[in-house]
Every structure is written in structure tokens, then in C-alpha cells.
Amino acid sequence: MTVPPDQVLAALRWRYATKQFDASREIPADVWDALEESLVLTPSSFGLQPWKFLVVQDPTIRAELMAESWNQTQVTHASHFVVLTARTDLSAADIDAWIARMSEVQGQGAAATAPLKGMIEGFAETMSREARHAWNVRQVYIALGQLMTAAALLGIDSCPMEGLSASGYDRILRLEKTGYATVVACALGYRSATDKYAEIAKARFERAKVIQHV
Ligand SMILES: Cc1cc2nc3c(=O)[nH]c(=O)nc-3n(C[C@H](O)[C@H](O)[C@H](O)COP(=O)(O)O)c2cc1C
């Protein structure tokens, strides 16, 4: 399947970081299902998927999260709200779980997966726990980008959100001691007709400043 370039660019230009959502509109179930699948399909280094995505629909919890998000109303007004978390480490058990899943899906035996397993283990061992966490966090941002792009192509508005207290989120979502920690959030839904940010010209550097042909 190919989407014409002008349609892709139209969707990317239509997308903006939505400040005001229309609280009365809800993303239909089939569209939401596709957005969740876009998270599942996100690529990651070695395929490790060191993350968990929390879809927070409980209004009480959303209100608590808003208080930890500079009171940004996107948290409570958007149709759906996703908290993207990263594994705080990458353990031998994590690597084993991924290799087992690959073997199951791709029908490979232990002999076939051993080289990859050894390579990942070797790579992980060279890093400190903090470095492994930071590596996982980088993967989570790929999921955020994929989610927002998929949303734009589906005509769904979004707001990526780093303006939050990650430790406050971890407390409210009871993430402490789970091995996962909040990285970033994303509100998704429909822009309010009164959101003036929708009309502001998209400000980006000139292409020549950011793209260099070598
Ligand atoms: C990782 C990340 C975190 C962001 N956090 C917030 C946020 O907490 N609140 C907000 O209103 N916008 C947030 N933004 C939106 C940016 O300010 C916005 O994407 C940028 O100014 C470019 O504008 P545009 O997305 O409308 O094209 C964030 C964007 C990114 C990529």
C-alpha cells in the first residue's frame, strides 16, 4: 500500500501540538484500535520493545495526572491519554523473554537465536544500569513519533507532553517497583474549534539548515 506524498505531507502539516481538545468528542473504537496497534508495531533497537504504554481513561486518575502536568487541560479533555513508560533496566530475563517471543513467532530454535541473544547480552553488559535505562527511553520516543504520525494520517489530533512530573506520574500510576518509569505522555482526540494554535503558521527552520546532502 502506498500513500501519495502530497497526502502524507498534508497530514503532517495538519498535525500540530493541540492545546485545547473538544472534550465532547471520542475517538471511535476501530480508530483507537489502530492507534494502539501503531504502538505495538513500533520498531526498537534489536527489537527489544523496552516499554509499556498505559492508556489512562479513568477520569479521577486523569485529574490527578493533570495536577502533575502543569495543569495542562489536554490531560483531562482529550478523548484518550497515553503514558509512555520505559523499562528502567535491561535484564537477562528481558532479553530471554524477547528471544522466546521471536522464536515463537518466527519458528526459530535456540541454535538459530543464540547469536542474536549473545550479541544483545554483550551489548547490554557494556552499559551501566543508567545507560540501559537511557537507551530504553530513546526507544520510547520512537513510539511517540509513530503514534503521532499514525494519528495524523487517521485525522486524529494529538499533543506530545513532556511538561509533567515523571515521579508524580509514577506515584499516581503505581509504577514504582514495577521496573517501568514514565517518560512522556500523549493526549489524543479532536481539536477544539476555539484552539487558536491550530491556525498559527508552522514554524520550522529552512530545509537547507537541517538537511544536508553529503
Ligand atoms: C517530546 C515533546 C514534548 C512536548 N511537551 C509538550 C507539553 O508538555 N505541552 C505542550 O503543550 N506541548 C508540548 N510539546 C509540543 C511542542 O511544543 C511542539 O511540538 C513544537 O512547538 C512544534 O509545534 P507543532 O507540534 O505544533 O508543529 C512537546 C513536543 C514534544 C516533541
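1. In this predicted model, strand S3, which spans residues 157-161, supplies the largest share of the shell around the ligand, contributing three residues. The shell as a whole comprises Tyr16, Ala17, Lys19, Gln72, Cys159, Pro160, Met161, Glu162, Gly163, Val184 and Lys202. By character, the residues of this shell divide into six that are nonpolar, two that are polar and three that are charged.

2. Strand S3 also belongs to an open sheet of four strands, whose order is S1-S2-S4-S3 and whose pairing is antiparallel. The edges of this sheet are formed by strand S1 (51-55) and by S3, each of which pairs on one side only, and the twist from one strand to the next averages 25 degrees.

3. Within the sheet, strand S2 (residues 80-87) and strand S4 (residues 180-189) are joined in the antiparallel sense over eight bridges. Along this pairing, threonine 85 is placed opposite threonine 182 of S4, while valine 83 has alanine 185 in S4 as its bridge partner.

4. On the other side of the comparison stands the pairing of S1 with S2, which is likewise antiparallel and runs over five bridges; here valine 55 lies opposite valine 82 in S2.

5. How many residues of S2 are buried? Eight of the eight are, so strand S2 is largely enclosed by the rest of the structure. For a residue to count as buried here, 20 or more other C-beta atoms must lie within 10 Å of its own.

Terms used
Residues numbered from 1 in each chain as written. Predicted model: local features only at pLDDT ≥ 70, side-chain atom pairs only at ≥ 80, totals over all residues. Near = placed C-beta within 6 Å. Helix = DSSP H or I, 4+ residues; strand = E, 2+ residues; numbered from the N terminus. Nonpolar A, V, L, I, M, F, W, Y, C, P; charged D, E, K, R; others polar. Pairing = 2+ DSSP bridges. Axes fitted to C-alpha atoms, helices over the stretch in contact; angles between N-to-C directions. Buried ≥ 20, exposed ≤ 12 C-beta atoms within 10 Å, placed from the backbone.
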